[in-house]
Amino acid sequence: MPTFLHTADLHLDTTFSAHFTAEQAKIRRNEMLRCVSNLIDLAKNYDILLIAGDVFDSSYVSEETVSFLKRKFAELEHTYVFISAGNHDPYTSNSVYANTDFGDNVHIFGTEPECVELAELKTRVYGCSFSDTYSDIAKRFNKIDKTEGITDIILMHADVVSNMEDGGYNSIDRRYIEGCGADYLALGHIHTRSEIKKCGNTYFAYPGLPEGRGFDECGDMGCYIGEINDGAVKAEFKKLCIRRLFKVDVDISGLSDNIQIFDKVKQEILSYGCENDMYKINVIGKISSEIFNIDILKNDIKDVVYYAEVTDNTQQDYDIDAIAVQNTLCGEFVRMMQDKIKDCDDEERLVAENALMIGLDALLGGEV
Ligand SMILES: [Mn+2]
């Protein structure tokens, strides 16, 4: 009955070049190392540390990252470490895996399925690394012959799809999982954590990344910790991330000054996370462009949270009734559209009202 910590997709040495300055990127990369340092400290309490691929973001791995991992793995006196490399860090002859001695307690699976027996834990760990960006290693695993009293774990970077004939990132499907014969299939590849699921007698899960990197990796991130007893997997999520990312829509309709807008945005984003987190703020609603100033908001919000991106998706808030009585081209356009809207059914009305707004934007020189 081994205990385990299951992680995947560490993506160390991510460049972060899309949104960060070089300085910010360096700091963020170091925070990812900090997160993994905490993860390995936590792993000291477990028999097995399972890492299901994409340890590194690419074939470029810094010397600091390699020596950091060697040092931290060496601290794991009573924990076995297993790594099956993924599509971002395939096991090639030039890879870090082929050229680094990570220590006696660390087993990097090769590019053919292998089994390592841990006699004192009555456990067998099976794994295989990607040899290239694309792979179909799952198809080369034989069904496990169950032995009474032995726990079987498969560690693999794989994409769970509805039909495993589709796709090239080592696709597997539910029929495959049901037939593999493992007690636990420890997966990596999908960056969003899954629940611990079960198919036939096999439990399987994606732990997600321990530290989110972009706004498609939002919320709490961490790993699974648990144990396997007589084929039953009990595991729980453990939060590890240093910072969280959130995407938040804030509706500023009806607000009348930029102080009020800032207060509302601040209150809404901090209801999701805290000052140390990172936010992608989408400002929506109807408001006059005379009032809302995105530069003021950007400037004020950067003093409140660690990182914020702000986009303006507000609509111009026109005083339709006032325009309708004007003796101008805009007035004529509004009166014409209002006549049309009167005769519309519900579905057409939405389209016509939208057309009225777009028409006014065009006539009044706003963005179309
Ligand atoms: Mn990945």
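User: In what order do the 6 strands of the open sheet stand?
Analyst: In this predicted model, 6 strands form an open sheet. Their pairing is mixed. The order is S4-S3-S2-S1-S13-S14.

User: Which strands stand at the edges of the sheet?
Analyst: An edge strand has a single partner strand, so one of its sides is left without a neighbour in the sheet. The strands placed in this way are S4 (106-108) and S14 (232-239).

User: By how many degrees are neighbouring strands of this sheet turned against each other on average?
Analyst: The angle is taken with direction ignored. On average, neighbouring strands are turned against each other by 20°.

User: How many bridges join strand S13 to S14?
Analyst: Strand S13 covers residues 222-229 and runs antiparallel to S14. Ile225 stands opposite Glu236 in S14. The number of bridges joining S13 to S14 is 8.

User: Which strands does helix H1 touch?
Analyst: Helix H1, residues 22-43, packs on the sheet. Its direction makes about 165° with that of S1. The strands touched by H1 are S1 (3-7), S2 (48-51), S13 and S14.

User: Are helices H8 and H9 roughly parallel or antiparallel?
Analyst: The axes of H8 (residues 329-342) and H9 (residues 346-364) come within 10 Å and cross at roughly 175°. Angles over 145 degrees count as roughly antiparallel. Therefore H8 is, relative to H9, roughly antiparallel.

User: How many nonpolar residues does the contact of H8 with H9 have?
Analyst: Among the residues making the contact are Phe333 and Met337 of H8 and Leu356 and Leu360 of H9. The contact also has 1 polar and 3 charged residues. Its nonpolar residues number 12.

Methods:
Residues are numbered from 1 along each chain as its sequence is written. This is a predicted model: local features need pLDDT of at least 70, side-chain atom pairs count only at pLDDT 80 or more; totals for chains, interfaces and linings use all residues. Axes are lines fitted to C-alpha atoms, for helices over the stretch in contact, and angles run from 0 to 180 degrees between N-to-C directions. Helices (H or I, at least four residues) and strands (E, at least two) are DSSP runs, numbered from the N terminus. Angles under 35 degrees count as roughly parallel, over 145 as roughly antiparallel, 65 to 115 as roughly perpendicular and the rest as oblique. Two residues are in contact if their C-beta atoms, placed from the backbone, lie within 7 Å. Ala, Val, Leu, Ile, Met, Phe, Trp, Tyr, Cys and Pro count as nonpolar, Asp, Glu, Lys and Arg as charged, and the others, Gly among them, as polar. Two strands pair if DSSP finds at least two bridges between them.
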